[in-house]
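Visitor: I am new to reading protein models, and I would like a close look at one helix and how it sits among its neighbours. Could you walk me through it slowly?

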Amino acid sequence: MEDNKMVAGKVKKPGKRGRKPAKIDLKAKLERSRQSARECRARKKLRYQYLEELVSSKERAICALREELEMYKQWCSAMDQGKIPSEIKALLTGDEQKIPQSASSTKASKNGKNSSAQS
């Protein structure tokens, strides 16, 4: 019983669970609370930044897909009128070199270069 301590008349064994003494420094407790709040706000800010970047990238992808869809609609409209867009002609004949690089990807619709191919 050499390791035991006397606390308030009771024998307390080391390593036992229980309530900590009420002598916790109030200033230290407040500072820990403030630090925890600062860290929480920083984590929240990072989480919101990540989510905003994710939303932004998804919106860009949606815009690119809409532009690609519009390009295909225009091609279909032109084919309904009996016109064959030059990009499709090149694909059908196998002349990949004749296709403008911008028209063969979704970036073409962003640059507006595919509008001349429909006439």
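Guide: Happy to! Reading from the N terminus, the elements come in the order β-β-α-α-α, giving two strands and three helices in the protein. Please keep in mind that this is a predicted model. Its mean pLDDT is 78, and 61% of the residues reach 70 or more. Helix 1 has the highest mean pLDDT among the elements, at 96, while helix 3 (residues 107-111) has the lowest, at 45.

Let us take helix 2 as our part. Helix 2 covers residues 86-93, and its buried residues are E87, I88 and A90. These three span an arc of only 160° around the axis, so they lie on the same side of helix 2. A general rule helps to picture such things: an α-helix has 3.6 residues a turn, so residues three or four places apart point the same way. What do we find on the other side of helix 2? There, L92 and T93 are exposed.

Now, which element do the buried residues of helix 2 pack against? Their partner is helix 1, which runs over residues 26-80. Just after helix 2 comes G94, and the phi of G94 is positive, near 80°.

Since helix 1 is the packing partner of helix 2, a few of its residues deserve a visit. S57 is located in helix 1. S57 has 30% relative accessibility, so it counts as partly exposed, because that class lies between 20% and 50%. From S57, the side chain reaches the backbone oxygen of L54 at 2.9 Å.

E68 is also placed in helix 1. Is E68 buried or exposed? With 19% relative accessibility, E68 counts as buried, because the cut-off for that class is under 20%. The side chain of E68 makes a polar contact with the side chain of Y72, at 3.0 Å.

Two cysteines are worth a glance as well. C63 has a relative accessible area of 42%, so it is partly exposed, and C76, at 41%, is partly exposed too. A disulfide is a covalent bond between the sulfur atoms of two cysteines. How many disulfides does a search of the whole structure find? The search finds zero.

Let us step back to the whole protein. Of its 119 residues, 14% are buried. The accessible surface comes to about 10600 Å², and carbon and sulfur atoms hold 54% of that surface. Among contacts with a separation of 6 or more, 38% join residues that are 24 or more positions apart.

One last stretch calls for care when you look at the picture. Over residues 106-119, pLDDT stays under 50, and the model has 22 contacts beyond four places in sequence for that stretch.

To return to your helix: E87, I88 and A90 are its buried residues, helix 1 is what they pack against, and L92 and T93 are exposed on the other side. Try finding those residues in the structure, and then follow the chain on to G94, which comes after helix 2.

Note on methods
Residues numbered from 1 in each chain as written. Heavy atoms only, no water. Buried < 20%, exposed > 50% of the residue type's maximum accessible area, 1.4 Å probe, protein only. Helix = DSSP H or I, 4+ residues; strand = E, 2+ residues; numbered from the N terminus. Arc of directions from axis to C-beta. Contact = heavy atoms within 4.5 Å. Polar contact = N/O pair within 3.5 Å; in protein donor to acceptor, adjacent residues only side chain to side chain. Disulfide = S-S within 2.5 Å. Areas by Shrake-Rupley, 256 points an atom, 1.4 Å probe, with all protein chains shown as cover. pLDDT = per-residue confidence, 0-100.
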